[in-house]
Amino acid sequence: MGAPCASGVTTDRSIHSSGMYKLEIELKRGHNLAVRDRGGSSDPYVKFKLAGKEVFRSKTIHKNLNPVWDEKTTLILDCLSEPLYVKVFDYDFGLQDDFMGSAYLYLESLEQQRCVSPLINATDWFHLCVSSYSRSLRLSELHRKSQLWRGIVSIALIEGRNLIPMDPNGLSDPYVKFRLGPQKYRSKTLSPQWREQFDLHLYEETGGVLEITVWDRDTGRRDDFIGRCQLDLSTLAKEQTHHLELPLEESRGFVVLLVTLTASAHVSIADLSVTPLDDPQERAEILKRYRVMKSLSNLKDVGIVQVKVMRAEGLMAADVNGKSDPFCVLELNNDRLQTHTVYKNLNPEWNKVFTFNVKDIHSVLEVTVFDEDRDRSADFLGKVAIPLLHIRNGEQKSYVLKNKELTGPTKGVIYLEIDVIYNTVKAALRTVVPAEQKYIEEEPKVSKQLLQQNFNRVKRCIMVLISYGTYINSCFEWESAQRSIISFVLFVVVVWNFELYMLPLGLLLLLVWNYFFSSSSRDTSDTESEHKGFMDKLYAIQDVFISVQNALDEVASHGERIKNTFNWTVPFLSWLAITALCSATVLLYLIPLRYLVLAWGVNKFTKKLRDPYMIDNNELLDFLSRVPSDVQVVRDSSRVCNTGRKTRSSLKPPEHVGYLRFKFWMITSVCSKLDHNN
C-alpha cells in the first residue's frame with residue numbers, strides 16, 4: 001500500500017474581478033498500481049470529477065501497473081468550494097470496470113499562481129475512507145458559522161439600458177445572473193425590462209462582492225455572453241435603498257438596480273439545551289417584537305420559526321453495508337440550514353434547534369433527509385413539506401417521509417417540534433405582494449403523466465362550473481317548482497334593489513356558507529393507488545390529447561369568428577351585427593340597465609311556462625356559429641379554386657401525354673391562366 005500516482009495542478013485567477021478561475025491539470029504517471037486482471041496486470045485510466053460531474057477522463061494504458069499518461073486539461077471555474085475527486089479504474093471490455101482507488105483535493109487549499117504536485121494513493125479504496133469515520137458527531141463551530149448569514153441583500157432588478165444586440169434581427173433575449181458567494185440567482189424574464197425582486201444572504205466569508213453577468217438566451221445552442229459588472233456591498237450604507245446604474249465592463253450598456261442591506265436576526269443553529277423560545281425572557285422579547293403595535297415597522301420581518309430536529313427512525317439503507325450516513329436539510333424558501341451527519345445509522349439522533357426568519361407566513365418548510373457520500377452527490381432518503389399555517393406550536397410530531405415529488409411515502413419517519421411566532425398584520429400585508437421565487441429553478445420537462453394530471457385538474461374545475469350552471473339552468477327549466485319560485489322572487493328582489501356593495505356581500509356569504517356547511521373531504525382521485533396497464537395509460541393519454549386538441553380548436557374558432565365579424569369576412573353577418581349593436585345602444589341609452597336585466601330574467605324564467613316544448617338556445621353563440629373561422633375561410637377559398645379548375649374542360653392535353661403528365665400540364669395551365677387574368 002501507499003503506491004502513488006502523481007499529477008500537477010495549477011490554479012490561475014484569470015479574471016480577478018469576476019471570480020473566474022482557470023484550473024490546469026496535468027496527469028503524469030502512476031506507480032505500483034493494484035492488480036485487477038487475472039494476468040497479474042491492469043488496464044488503468046483516471047477520471048476527474050467536480051461537483052458530481054465528470055470533467056476529464058484520461059486514455060487507457062493497457063496491461064501496465066506503472067502507466068505514464070502525460071495528459072493535460074484546462075477547466076474554467078467560477079467557484080473553488082467544490083473538491084476535485086480523482087478516481088482510478090481498470091478497464092474491462094464488456095464488463096463493469098474495476099475500481100482501483102480514489103482521492104480528493106480541496107481546491108481552496110491550493111496557492112494561486114503556483115504549481116503543486118500532490119501524491120494520490122490509488123491502491124486501496126478503504127484506506128481513503130477511514131478519515132470520514134473519525135469526524136465528530138457534533139456540529140463543528142466552523143461548519144455552524146458557515147451556514148449562518150449576517151445580513152440580507154434585497155435586490156430589485158429594474159432594467160437594462162443600451163445593451164448590445166446579439167441576434168441577427170438586431171435584438172436580444174437578455175437575462176441576468178447574480179452570484180454572491182455560493183448563492184446564485186437567475187432572472188426569469190427575457191426582456192431588458194425585468195422588474196424582479198429577490199433576496200440574497202450576506203455571509204462573513206464572501207467579502208460582500210455581488211457579481212453580475214448578462215447573457216443572451218439562444219434556443220438550441222450556447223447562450224451568448226453580453227457583459228459583466230460587480231458591486232462591492234461593503235461600500236453601501238445599511239438600512240437604505242440605493243438606486244444604482246452599473247456599467248458593463250466588457251461591453252456597452254447599463255444594469256439598473258435597487259439594493260438594500262438589512263441586518264438579519266433570529267437565524268441560528270443550537271443544541272437542544274440552548275433553545276431560544278424555551279427561555280422565558282427571550283420568548284417575551286420575541287413576542288414583544290411581533291406584537292400588533294409594531295405592525296408597520298420592517299414589513300418584511302413577519303416572524304420567526306423554530307424547528308427542533310429530534311431524530312429519525314427506520315430510514316432507508318443507502319450504502320452497501322446496509323447502513324446510511326444521514327443528515328437533514330431544512331429549507332424555508334431560499335433559506336437553507338443543515339444538521340451534522342450521523343454515520344452508519346438508520347435511526348439517527350440529531351437533537352438540533354434551527355431558527356429562521358419568516359418573510360411570508362404562506363411559506364412551506366421542507367425537511368429533507370440525505371445520505372452523505374464522500375465521492376459523489378448525496379443520496380435522497382426522504383422529504384416532508386409542512387406549511388407554516390398548519391403548524392401547532394410546541395407539539396412534537398412524527399412525520400412520514402415521502403418521495404421527491406411528495407406524492408407517496410418512502411421508508412422512515414422523522415420527529416420534529418416546530419414553533420411559529422408572527423405578526424398577523426404583517427402577514428396579511430405580505431399576502432398581497434409577489435411571493436418569493438426560488439433562486440435557480442429547474443427547467444420544466446415534458447411529462448405525459450404530469451400533462452394528464454394537469455388536464456384532470458382543469459377538467460375538475462370546469463366540471464364544478466358546469467355543475468353550478470346546470471343547477472342555475474334547472475331553475476329556469478322549472479324542474480322543481482319550489483326552487484324555481486324562490487329563485488325567481490330572489491332574482492327580482494336583488495335586481496330591483498341592486499347596489500354595488502352586494503357583490504362583495506355575496507362572496508362573503510359564500511365563504512361563510514362553505515365554512516360552516518361544506519364537507520371537509522377532499523378529492524383523492526389522483527392519489528388512488530389503482531394500477532393501470534400499458535394500454536389503459538396509452539388510451540388515457542390519447543383522450544387527453546384529443547380533449548386538449550378539441551378545446552384549443554373551440555377557443556381559437558370563437559376568437560377568429562369574433563375577429564372575422566369585425567373584418568367584414570361575411571358582409572351580411574357584419575351588417576346584422578351593426579343592426580344588433582345599434583339596437584342595443586339605443587335601448588341602453590333610453591332604458592336603465594336594471595329594467596333590461598329584469599326583463600331578460602322574467603323572459604328566461606317564464607319561457608318554459610309559455611312553451612314547455614321549446615328548445616333552449618343561446619342567440620349570441622348561434623350567431624357566431626354562422627361566422628366562418630380562418631380555417632373555414634381557407635377551405636372555402638380552396639373549394640372555389642378547385643371548382644374553377646373543373647369548369648375549364650376546354651383545355652385538352654396532347655394525345656401523346658401520359659396520365660401523370662396530363663395532371664401536371666392541367667395544373668400549370670390553370671395556374672398560368674389565373675395569373676394572366678390577374
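Helices α8 and α11 sit roughly perpendicular to each other, and that pair is a handy way into this predicted model. The chain runs to 678 residues, with buried residues making up 36% of them. Along the way you'll meet 13 helices and 26 strands. Take the contacts between residues at least 6 apart in sequence: 64% of them join residues at least 24 apart.

**Helix α8 with helix α11**

- Helix α8 covers residues 534-566 and helix α11 covers residues 619-626; their axes are 9 Å apart and the packing angle is about 80°.
- Why call α8 and α11 roughly perpendicular? Their angle is about 80°, and angles of 65 to 115 degrees count as roughly perpendicular.
- On the α8 side, the contact uses H558, R561, I562 and T565, while α11 brings L621, F623, L624 and S625.
- Sort the residues of this α8 and α11 contact by class and you get four nonpolar, three polar and one charged.

**Helix α5 and its two partners**

- Helix α5 (residues 448-477) and helix α6 (residues 481-496) have axes that come within 8 Å and cross at roughly 95°.
- That crossing makes α5 roughly perpendicular to α6.
- Which residues meet here? Y471, S474 and C475 come from α5, and R483, S484 and S487 come from α6.
- The residues of the contact between α5 and α6 split into two nonpolar, three polar and one charged.
- α5 also packs with helix α10 (residues 593-610), at an angle of about 60° and with the axes 7 Å apart.
- α5 and α10 are therefore oblique to each other, because an angle of about 60° falls outside the 65 to 115 degrees that count as roughly perpendicular and isn't under 35 either.
- In this contact, C475, F476 and E477 of α5 meet K604, F605 and K608 of α10.
- By class, the α5 and α10 contact has three nonpolar, no polar and three charged residues.
- C475 is worth a second look: it takes part in the contact with α6 and also in the contact with α10.

**Spans listed as transmembrane**

- An unreviewed UniProt entry lists residues 488-516 and 572-600 under "transmembrane region".
- In the model, residues 488-516 are 83% helix and 0% strand, and the end C-alpha atoms of that span lie 26 Å apart.
- For residues 572-600, the model gives 93% helix and 0% strand, with the end C-alpha atoms 27 Å apart.

**Two charged residues in strands: K308 and E417**

- K308 is found in strand β19, which spans residues 303-313.
- Is K308 buried or exposed? K308 is buried, because its relative accessible area is 7% and the cut-off for buried is under 20%.
- The side chain of K308 makes a polar contact of 3.0 Å with the side chain of D278.
- Leaving out residues up to four places away in sequence, K308 touches L272, T275, D278, K352, V353, Y415, L416 and E417.
- E417 sits in strand β26 (residues 409-422).
- E417 counts as buried too, with 14% relative accessibility.
- Again leaving out residues up to four places away in sequence, E417 touches Q306, V307, K308, M310, G394, E395 and Q396.

**A buried proline in a loop**

- P83 lies in the loop between β5 (68-77) and β6 (84-90).
- Despite its place in a loop, P83 is buried, with a relative accessible area of 10%.
- P83 touches K49, L50, L105 and Y106, not counting residues up to four places away in sequence.
- P83 and A103 are 20 residues apart along the chain, and their C-alpha atoms are separated by 10.0 Å.

**Two asparagines with a positive phi**

- Most residues other than glycine have a negative phi.
- N162 isn't a glycine, yet its phi is positive, at about 55°.
- Where does N162 sit? N162 is in the loop between β10 (151-161) and β11 (174-180).
- N162 counts as exposed, at 54% relative accessibility.
- N298 has a positive phi as well, near 50°.
- You'll find N298 in the loop between α3 (280-289) and β19.

Terms used
Residues numbered from 1 in each chain as written. Predicted model: local features only at pLDDT ≥ 70, side-chain atom pairs only at ≥ 80, totals over all residues. Heavy atoms only, no water. Helix = DSSP H or I, 4+ residues; strand = E, 2+ residues; numbered from the N terminus. Buried < 20%, exposed > 50% of the residue type's maximum accessible area, 1.4 Å probe, protein only. Polar contact = N/O pair within 3.5 Å; in protein donor to acceptor, adjacent residues only side chain to side chain. Contact = heavy atoms within 4.5 Å. UniProt positions renumbered as here; feature names shortened; annotations may be inferred. Axes fitted to C-alpha atoms, helices over the stretch in contact; angles between N-to-C directions. Parallel < 35°, antiparallel > 145°, perpendicular 65-115°, else oblique. Nonpolar A, V, L, I, M, F, W, Y, C, P; charged D, E, K, R; others polar.
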